[in-house]
Amino acid sequence: MLFFINANAMAQITVEGKYYFSRQEMVAGFNFSANGKFEFFYSYGAVDRYATGTFSVEGDTLKLKSDKIAGNDFTITNQSKLPGGYKLVFEHPNQLLVNNILCIFMKNGIVHREFTNNKGEVQVKLNDCDTIYVQHGLYPDILTLIKDAGNTNNRFTLSLNPSLEQVSFKGIDFKIVDENTITCLRNYFMDLPDIEFKSEK
């Protein structure tokens with residue numbers, strides 16, 4: 001009987017309204033509307049991000065579907081095949097944004113990680129690799145696939161897409177603790193424990 005009472009109580013909980021998180025230099029917030037849409041903002045140091053989309057509630061799980069297309073934060077503007085390992089070059093008008101981009105080279109399940117230098121370049125002496133993924137250091141989200149096993153090129157020039165400022169929430173679910181609290185686990189853009197968003201109800 002107690003189980004059914006708790007289940008019914010959970011079914012009546014809604015997440016409509018505004019929820020906020022704040023810790024040291026990081027602040028973030030949601031606004032959940034009655035029509036099933038959400039708005040999100042995030043600020044950490046000099047980095048500001050946002051998201052819009054829809055949400056659904058399944059039991060005590062809050063699922064977000066962002067308008068952002070995940071895994072599409074970089075565009076290949078040129079690619080070729082030359083001797084001498086792999087080289088990636090990132091281009092953007094703001095040179096600060098091409099520094100410290102994570103590049104992941106994978107071959108037979110072995111992962112090799114490198115970060116771009118202050119010129120936006122990374123070069124590795126690998127004969128070949130199956131896949132290459134990249135992720136921005138200041139605007140991390142789901143990895144962007146640059147090369148798959150069918151692509152034999154080893155030189156890539158990439159541009160940064162405006163979508164970097166958005167958050168996809170792909171792979172991140174929130175738990176509804178009660179009518180005033182939602183939580184989520186440490187993730188790719190909020191890399192800290194005990195994340196709780198509190199309602200201003």
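Guide: A helix here is a DSSP run of H or I with at least four residues, and a strand is a DSSP run of E with at least two, both numbered from the N terminus. By that rule, the chain of this predicted model has 1 helix and 16 strands. Its C-alpha trace spans about 70 × 35 × 30 Å along the principal axes, and of the 201 residues in the chain, 40% are buried.

Visitor: What makes S7 and S13 a pair of strands?

Guide: Pairing requires at least two bridges found by DSSP between the strands. Strand S7, residues 86–91, and strand S13, residues 155–160, are joined by 5 bridges in the parallel sense, so the requirement of at least two is met. One position where this can be followed is Lys 87, whose bridge partner in S13 is Arg 155.

Visitor: Why are S6 and S10 said to stand at the edges of their sheet?

Guide: That sheet is open, with 4 strands in the order S6-S13-S7-S10 and mixed pairing. Strand S6 (74–80) and strand S10 (121–124) each have a single partner strand, so one side of each is left without a neighbour in the sheet. Ignoring direction, neighbouring strands of this sheet are turned against each other by 15° on average.

Visitor: What is the strand order of the open sheet with antiparallel pairing, and which strands stand at its edges?

Guide: The order of its 4 strands is S9-S8-S11-S12. The edges are taken by strand S9 (110–115) and S12, and because each has a single partner strand, one side of each lacks a neighbour in the sheet. The average turn between neighbouring strands of this sheet, again with direction ignored, is 25°.

Visitor: How many bridges does S11 form with S8, and how many with S12?

Guide: Strand S8 (residues 102–107) is joined to S11 by 5 bridges, the two running antiparallel, while S11 and strand S12 (residues 144–147) are paired over 3 bridges, also in the antiparallel sense. Since the criterion is at least two bridges, each of these counts as a pairing. On the S8 side, Leu 102 has Gln 135 of S11 as its bridge partner, and Ile 104 has Tyr 133 of S11. On the S12 side, Val 134 stands opposite Thr 144.

Visitor: How do you know whether S11 is enclosed or open to the outside?

Guide: A residue is called buried when its relative accessible area is under 20%. In strand S11, which covers residues 131–135, 4 of the 5 residues are buried, and the strand is therefore largely enclosed by the rest of the structure.

Visitor: Why do Cys 103 and Cys 129 not form a disulfide?

Guide: A disulfide is a covalent bond between the sulfur atoms of two cysteines. The criterion applied here is a pair of cysteine sulfur atoms within 2.5 Å. The closest cysteine sulfur to that of Cys 103 is in Cys 129, at 11 Å, which is too far for a bond. Looked at from Cys 129, the closest cysteine sulfur is in turn that of Cys 103. Consistent with this, a search of the whole structure finds 0 disulfides.

Visitor: Are those two cysteines buried or exposed, and what relative accessibility does each have?

Guide: Cys 103 has 0% relative accessibility and counts as buried, and Cys 129 is buried too, with a relative accessible area of 5%. Both conclusions follow because the cut-off for buried is under 20%.

Visitor: What makes the phi of Gln 24 and of Asn 108 worth a remark?

Guide: Most residues other than glycine have a negative phi. Gln 24, although not a glycine, has a positive phi of about 55°, and phi of Asn 108 is near 55°. Gln 24 lies in the loop between strand S1 (17–23) and strand S2 (26–32), whereas Asn 108 is placed in the loop between S8 and S9. With exposed defined as over 50% relative accessible area, Gln 24 at 78% is exposed, and so is Asn 108 at 61%.

Visitor: What lines the largest pocket, and which residues lie nearest its centre?

Guide: The largest pocket, which holds about 230 Å³ of space, is lined by 14 residues, with Met 26, Tyr 42, Tyr 44, Phe 189 and Asp 191 nearest its centre. By class, this lining has 9 nonpolar, 2 polar and 3 charged residues. Because Met, Phe and Tyr count as nonpolar and Asp as charged, the residues nearest the centre include members of both classes.

Technical notes
Residues numbered from 1 in each chain as written. Predicted model: local features only at pLDDT ≥ 70, side-chain atom pairs only at ≥ 80, totals over all residues. Heavy atoms only, no water. 1 Å grid on protein atoms, 1.4 Å probe; cavity = no way out; pocket = protein on both sides within 12 Å on 5 of 7 lines; lining within 4 Å. Points joined across faces, edges and corners; volume = space filled by probe spheres on them. Axes fitted to C-alpha atoms, helices over the stretch in contact; angles between N-to-C directions. Buried < 20%, exposed > 50% of the residue type's maximum accessible area, 1.4 Å probe, protein only.
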